[in-house]
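Welcome, and please open your viewer. We will go from selection to selection, pausing at each stop to see what is there.

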Amino acid sequence: QMIVEDGKGGILVALFNPHKTALPVTLEGEWAVIADGHTAGTEAITTVSGSITVEAISLTVLVNGALS
């Protein structure tokens with residue numbers, strides 16, 4: 001897991017899963033998914049809250065707040 005804050009209240013979290021099975025992660029608040037095991041970009045793919053499952057051998061990137 002890597003967490004980056006932009007100093008303006010925005011947070012980016014990169015969740016790495018090197019395992020051969022999916023990994024559930026508990027979240028606080030609402031997050032925009034900007035990369036998952038299939039898609040990546042600068043716009044939200046979807047939004048999640050409560051929890052997310054990081055697919056096996058993959059990376060998921062979440063954004064909370066206004067990163068610029």
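**First stop: proline 24**

Select proline 24, which lies in strand E3; strands here are DSSP runs of E with at least two residues, helices are runs of H or I with at least four, and both are numbered from the N terminus. This is a predicted model, in which local features need pLDDT of at least 70 and side-chain atom pairs count only at pLDDT 80 or more, while totals for chains, interfaces and linings use all residues. Residues are numbered from 1 along each chain as its sequence is written, and side-chain values use heavy atoms, with hydrogens and water left out.

Is proline 24 buried or exposed? Proline 24 counts as exposed because its relative accessibility is 62% (buried is under 20% relative accessible area, exposed over 50%, partly exposed in between, with a 1.4 Å probe and protein chains only). Not counting residues up to four places away in sequence, proline 24 touches Ile52 and Thr53 (contact means heavy atoms within 4.5 Å). Now add glycine 10 to the selection: its C-alpha atom is separated by 23 Å from that of proline 24, with the two positions 14 residues apart along the chain.

**Zoom out: the whole chain**

Show the chain as a cartoon and you will find five strands and zero helices. From the N terminus on, the order reads β-β-β-β-β. The radius of gyration is 11 Å, close to the 11 Å from the globule rule for 68 residues, so the chain is as compact as a globular protein of that length (the radius is taken over C-alpha atoms, and the rule is 2.2 Å times the number of residues to the power 0.38). Along its principal axes, the C-alpha trace spans about 35 × 25 × 20 Å. Of the 68 residues, 29% are buried.

**Inside: the cores**

Next, select Val13, Leu15, Val25, Leu27, Trp31, Val33, Val48, Ile52, Val54 and Leu62, the ten residues of the largest nonpolar core (a core is a set of buried Ala, Val, Leu, Ile, Met, Phe, Trp, Tyr and Cys residues joined through side-chain atoms within 4.5 Å). E2, strand E3 (23–35) and strand E4 (46–54) each supply at least two residues of this core. Which strand gives the most? That is E3, with four residues. Apart from this core lies another, of five residues, including Ile34, Ala35, Val61 and Val63.

Then pick threonine 60 in strand E5 (residues 58–64). Threonine 60 counts as buried because its relative accessibility is 3%. Leaving out residues up to four places away in sequence, threonine 60 touches Val13, Ala14, Leu15, Val33, Ala35, Asp36, Ile52 and Val54.

**Last stop: two neighbours in E2**

Select asparagine 17, in strand E2 (residues 11–17). With 2% relative accessibility, asparagine 17 counts as buried. Beyond its neighbours within four places in sequence, asparagine 17 is in contact with Ala22, Leu23, Val54, Glu55, Ala56, Ile57 and Ser58.

Finally, choose phenylalanine 16, also in strand E2. Phenylalanine 16 is partly exposed, at a relative accessible area of 48%. Add Met2, Val4 and Leu59, and together with Phe16 you have a nonpolar surface patch of about 340 Å². Patch residues have over 30% relative accessible area and no salt bridge, with like charges joined within 9 Å and nonpolar side chains (Val, Leu, Ile, Met, Phe, Trp, Tyr) within 5 Å. A salt bridge is a side-chain nitrogen of Lys or Arg within 4 Å of a carboxyl oxygen of Asp or Glu, and accessible areas come from the Shrake-Rupley method with a 1.4 Å probe, where for residues only the protein chains shown count as cover.
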